[in-house]
Amino acid sequence: MSNLRKKLRSTSAVFLSVEQIRFISGLELPNRLVLPTNSEFDTQSINPSLDVWEFKYGGNQVKLNMVCQNQSLTHLLKYVCVVDFNMRSAPVEQSKFSYIKSFICGCNLRSEAYFNELENLARSDKTFVIRKYYELKRTCRHLFRMGMPQFGTLDYEKLEEVTIPSVKNSFLIYQDIENSFPSHLKRLIGKGLVEHSTEEGLAALTDAKLTDLTILGLSYATGMRSIQFDKLRGSSLRREAQNPRTNLIRYSITVPLAKQRRVNVDGAKTAIPDSIGFMIEEYMNRFNLTKESQLFTTDKIRLGSDLNACLNRGLLFLQSDETKMAIAIKDLIPERYVLTDFRHNVGHTMAMSGSSAEEIAYILGHSSTVAATYYIMATPELAMVQHKALGSNPVWMNMVGLMTTGYAVDKDTWVGHTVSGMLKGKLFINIGGCTRKQAKCHLCKVRSCYGCFYFRPFKNLEPHEEVYRIFSEELFELIDVTNKSGYENSPMIRTATDARHEVKLVINRLQGGLS
């Protein structure tokens with residue numbers, strides 16, 4: 001160990017400002033890092049404070065040396081690796097760890113230095129260099145989301161404009177999109193907002209929680225910058241239509257332009273889900289805001305910092321009780337996101353829906369179509385790659401299944417609410433249990449249960465396989481209809497594909513004996 005420390009001291013030092021050193025010293029490592037494994041032969045957890053992490057995982061003996069040039073960089077490397085472990089839901093491979101360590105210990109901790117290195121790597125056509133590019137981009141995102149000094153929010157938006165390499169392996173594109181905004185997070189937010197937008201759900205929210213979820217919902221649906229939040233007023237929200245018989249309501253919000261244009265226009269009118277509309281109306285009623293009132297403001301120096309804090313509090317609130325407990329006892333570091341991450345989600349979603357580069361740039365407030373073009377470039381192969389990766393990889397499915405759905409239970413011993421419902425004219429009775437806190441579930445029974453962490457599937461495989469068969473038929477019919485209508489990029493295909501995958505996750509877990 002002493003020889004290694006001497007060798008590291010002899011290398012060129014990475015410059016750290018006083019502000020960065022102070023920031024790094026305030027980063028708290030978890031008490032232990034739990035490894036996601038169901039094998040008694042694997043290491044169950046490791047101590048992140050150790051300078052060398054040694055563990056057995058998946059039949060491999062892994063040794064990761066965390067020692068850098070100085071104590072601050074060593075602590076930062078440990079923290080980044082903990083965040084990376086949690087987001088991958090698996091320990092990082094030795095080669096990828098080597099990349100991360102080389103970035104932390106070899107690059108000056110400034111966004112400009114990282115961007116320059118990305119530009120250099122993007123010019124190569126070698127596979128290992130391209131993989132290093134995407135690992136550097138992933139590490140860069142970690143530093144931005146952590147709020148590392150010299151990695152500002154405005155610079156984070158420039159990350160999508162950095163040159164991308166010519167990729168022959170299209171899975172790297174998919175991996176980069178997932179690094180930016182993972183699919184399971186989208187489902188968590190979407191279902192969580194719907195759950196808490198009912199009368200019962202809104203009544204149970206405190207003013208602070210309502211504010212957090214309102215900002216989270218608006219970010220998720222529109223991808224606004226902090227300057228756009230500052231321009232929002234009560235009149236920005238509109239009820240476009242309402243059906244008294246079904247009580248279905250359609251909302252839109254006028255998104256203020258982020259940048260001043262020569263032609264004075266009000267903004268871009270964007271449709272938003274009714275769950276977010278309900279929350280904004282409740283938010284305005286609670287705080288006595290009128291049509292002319294500013295919706296979001298702050299007494300502090302920067303509104304953006306408050307908005308990012310609200311985002312992450314809202315995301316934590318939507319997590320399962322098990323995750324909240326692990327964070328409370330410092331066994332887990334909560335994932336952090338910023339407004340910019342939601343902008344990427346909106347950009348990719350629009351590209352998948354067939355929007356042009358000009359439309360994406362207009363909605364996101366870009367002054368050029370460079371970033372929008374990158375979103376569209378990633379789109380054509382993305383659906384096919386996702387289908388292959390999510391539909392035929394049993395290892396991935398078992399891993400994600402542990403996160404997206406509750407543990408399977410025996411029907412005979414279950415006490416509590418049970419799940420029954422209709423699918424395509426067929427009645428499904430008691431396919432699982434439900435641990436929902438609200439007395440009434442407002443989601444579509446059976447169809448919306450798979451992937452919900454309140455759902456506890458019963459161990460009888462037959463009904464789940466029948467649900468999967470029906471979902472598969474619906475997906476193929478939808479693809480056929482969209483192809484004939486010339487709307488191949490319909491977002492409904494993605495929704496139907498996700499629903500089908502969620503059922504398959506449960507089936508794979510039950511077939512594999514995971515409960």
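This report walks through a predicted model, going from the whole protein to one helix and then to a patch on the surface.

## The protein as a whole

Let's start with the big picture. The protein has 515 residues, and 50% of them count as buried. Its secondary structure comprises 22 helices and 10 strands.

How do parts of the sequence meet one another? Taking contacts between residues at least 6 apart in sequence, 68% join residues at least 24 apart. On the outside, the protein exposes about 25100 Å², and carbon and sulfur atoms supply 53% of that area.

## A look at helix α5

Now find helix α5, which runs over residues 111-122. This helix has 12 residues and spans 16 Å from its first C-alpha to its last, close to the 16 Å expected at 1.5 Å a residue.

Which residues of α5 are buried? They are S111, Y114, F115, L118, L121 and A122. These residues lie on the same side of α5, because they cover an arc of only 125° around the axis. The cover over the buried residues of α5 includes helices α4 (94-106), α6 (127-146) and α7 (153-158).

## A nonpolar patch on the surface

Finally, turn to the surface, where M422, L427 and I429 make a nonpolar patch of about 310 Å².

One member of the patch, M422, sits in strand β8, which covers residues 417-423. Is M422 buried or exposed? M422 counts as partly exposed, because its relative accessibility is 47%, and partly exposed residues fall between the 20% and 50% cut-offs.

How values were computed: Residues numbered from 1 in each chain as written. Predicted model: local features only at pLDDT ≥ 70, side-chain atom pairs only at ≥ 80, totals over all residues. Heavy atoms only, no water. Patch = residues over 30% accessible without salt bridge, like charges linked within 9 Å, V, L, I, M, F, W, Y side chains within 5 Å. Areas by Shrake-Rupley, 256 points an atom, 1.4 Å probe, with all protein chains shown as cover. Salt bridge = Lys/Arg side-chain N within 4 Å of Asp/Glu carboxyl O. Helix = DSSP H or I, 4+ residues; strand = E, 2+ residues; numbered from the N terminus. Buried < 20%, exposed > 50% of the residue type's maximum accessible area, 1.4 Å probe, protein only. Contact = heavy atoms within 4.5 Å. Expected span 1.5 Å × (residues − 1). Arc of directions from axis to C-beta.
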